[in-house]
Amino acid sequence: LKRLVSGFFSLKSAVVGLVAAYGGLRAIGAIREFGEQADALLKLAGTTGDTIANLSELQAAFELAGVKADQFDDVLRTLQNAQRDAVEGSEKQREAFAELGISLEQVRDLAPSQLFEQIARGLGGLNSEFDRQVALSKLLPKQFQTLMPVLGGGLREFQQAIVEAREAGATVTEEQARVAAQFNDAITKVT
């Protein structure tokens with residue numbers, strides 16, 4: 001009986017050790033994933049001219065509306081292409097922004113988070129869901145349906161989505177992003 005009890009406790013200790021190791025690996029995986037996301041935000045901030053905090057909140061608001069992280073990058077790229085085309089003289093893109101009340105100066109000067117706010121404001125001023133979908137499809141033809149829940153309700157709903165993301169703890173500061181990216185690099189070197 002003593003051997004059986006001793007064997008049971010040894011097995012129990014082994015299982016507890018395995019669970020702890022598994023938990024540690026999961027924690028490292030979660031830290032690595034956050035580090036990768038932080039690194040991606042740093043790069044996006046560099047290419048878009050927006051702040052990491054704004055981009056993290058925008059991404060979280062979009063995710064709450066069903067836009068996946070990899071789709072977020074595509075949405076930003078598409079918006080930047082529409083901006084560039086409008087600034088470089090594309091009448092089609094200029095008209096698409098103008099239909100939403102966004103001037104060429106705003107198109108040129110606003111960062112993505114600010115521009116999405118203006119898009120939501122413009123969509124809120126349109127009369128019907130159909131008109132909002134058509135207007136948004138002119139700017140973001142592949143993503144407009146996915147973005148309608150977060151942008152199509154107008155400025156107030158868009159701002160509420162940002163507040164919800166912020167309250168959920170989605171805001172990442174530049175310092176947090178840099179530390180997480182450095183920590184991720186260190187973990188990668190060790191593992």
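**Figure 1. Surroundings of Val75 in helix H3 of the predicted model.** Val75 is in contact with Phe62, Phe116, Leu140, Gln143 and Leu147, leaving aside its neighbours within four places in sequence. Val75 itself sits in helix H3. Its relative accessibility is 1%, so Val75 counts as buried, the limit being under 20%. Pro112 is also marked in this view. Along the chain, Val75 and Pro112 are 37 residues apart. Their C-alpha atoms are separated by 10.0 Å. Two of the contact partners return in later panels: Phe62 belongs to the H2 side of the contact with H9, and Leu147 to the H8 side of the contact with H7.

**Figure 2. Gln83, a second buried residue of helix H3.** Gln83 lies in helix H3, the helix that also holds Val75. With a relative accessible area of 10%, Gln83 is buried. Which residues does Gln83 touch, not counting those up to four places away in sequence? They are Phe97, Val107, Leu110 and Leu115.

**Figure 3. The Arg77–Asp74 salt bridge within helix H3.** The side chains of Arg77 and Asp74 meet at 2.7 Å, N to O. Both residues belong to helix H3, which spans residues 69-87. They are three residues apart, so about one helical turn separates them. Neither partner is buried: Arg77 is partly exposed, with a relative accessible area of 45%, and Asp74 is partly exposed at 34% relative accessibility. Side chains of opposite charge can pair when their charged atoms come close. The whole structure contains six salt bridges. Among them are this pair and the pairs of the next two figures.

**Figure 4. A salt bridge between helices H7 and H4: Lys138 and Glu99.** The side chains of Lys138 and Glu99 form a salt bridge of 2.8 Å, N to O. Lys138 lies in H7, while Glu99 lies in H4, residues 91-99. The pair therefore ties together parts that are 39 residues apart in sequence. Lys138 is partly exposed, at 37% relative accessibility. Glu99 is partly exposed too, with a relative accessible area of 35%.

**Figure 5. The Glu129–Arg132 salt bridge within helix H7.** Here the side chains of Glu129 and Arg132 meet at 3.6 Å, N to O. The cut-off for a salt bridge is 4 Å, so the pair qualifies. The two residues are three apart in helix H7, and about one helical turn separates them. Is each partner buried or partly exposed? Glu129 is partly exposed, with a relative accessible area of 39%. Arg132 is buried, with a relative accessible area of 15%. Both residues also take part in the contact of H7 with H8.

**Figure 6. The crossing of helices H7 and H8.** H7 covers residues 129-139 and H8 covers residues 144-151. Their axes come within 10 Å and cross at roughly 120°. That angle makes H7 oblique to H8. The crossing is right-handed. From H7, the contact involves Glu129, Arg132, Gln133, Leu136 and Ser137. From H8, Phe144, Leu147, Met148 and Leu151 take part. These contact residues divide into five nonpolar, two polar and two charged.

**Figure 7. Lys142 in the loop between H7 and H8.** Lys142 lies in the loop that runs between these two helices. Its relative accessibility is 79%, so Lys142 counts as exposed. Thr78 is shown with it. The two residues are 64 apart in sequence. In space, the C-alpha to C-alpha distance between Lys142 and Thr78 is 8.8 Å.

**Figure 8. The crossing of helices H2 and H9.** H2 spans residues 52-64, and H9 spans residues 155-167. The two axes come within 8 Å and cross at roughly 105°. H2 and H9 are therefore roughly perpendicular to each other. On the H2 side, the contact is made by Glu57, Leu58, Ala60, Ala61, Phe62 and Leu64. They meet Phe158, Ala161, Ile162, Ala165 and Arg166 of H9. The residues of this contact divide into nine nonpolar, no polar and two charged. Phe62 links this view to the opening one, as a contact partner of Val75.

Definitions and conventions: Residues numbered from 1 in each chain as written. Predicted model: local features only at pLDDT ≥ 70, side-chain atom pairs only at ≥ 80, totals over all residues. Heavy atoms only, no water. Axes fitted to C-alpha atoms, helices over the stretch in contact; angles between N-to-C directions. Helix = DSSP H or I, 4+ residues; strand = E, 2+ residues; numbered from the N terminus. Parallel < 35°, antiparallel > 145°, perpendicular 65-115°, else oblique. Left-handed = near helix turned anticlockwise from the far one by under 90°. Contact = heavy atoms within 4.5 Å. Nonpolar A, V, L, I, M, F, W, Y, C, P; charged D, E, K, R; others polar. Buried < 20%, exposed > 50% of the residue type's maximum accessible area, 1.4 Å probe, protein only.
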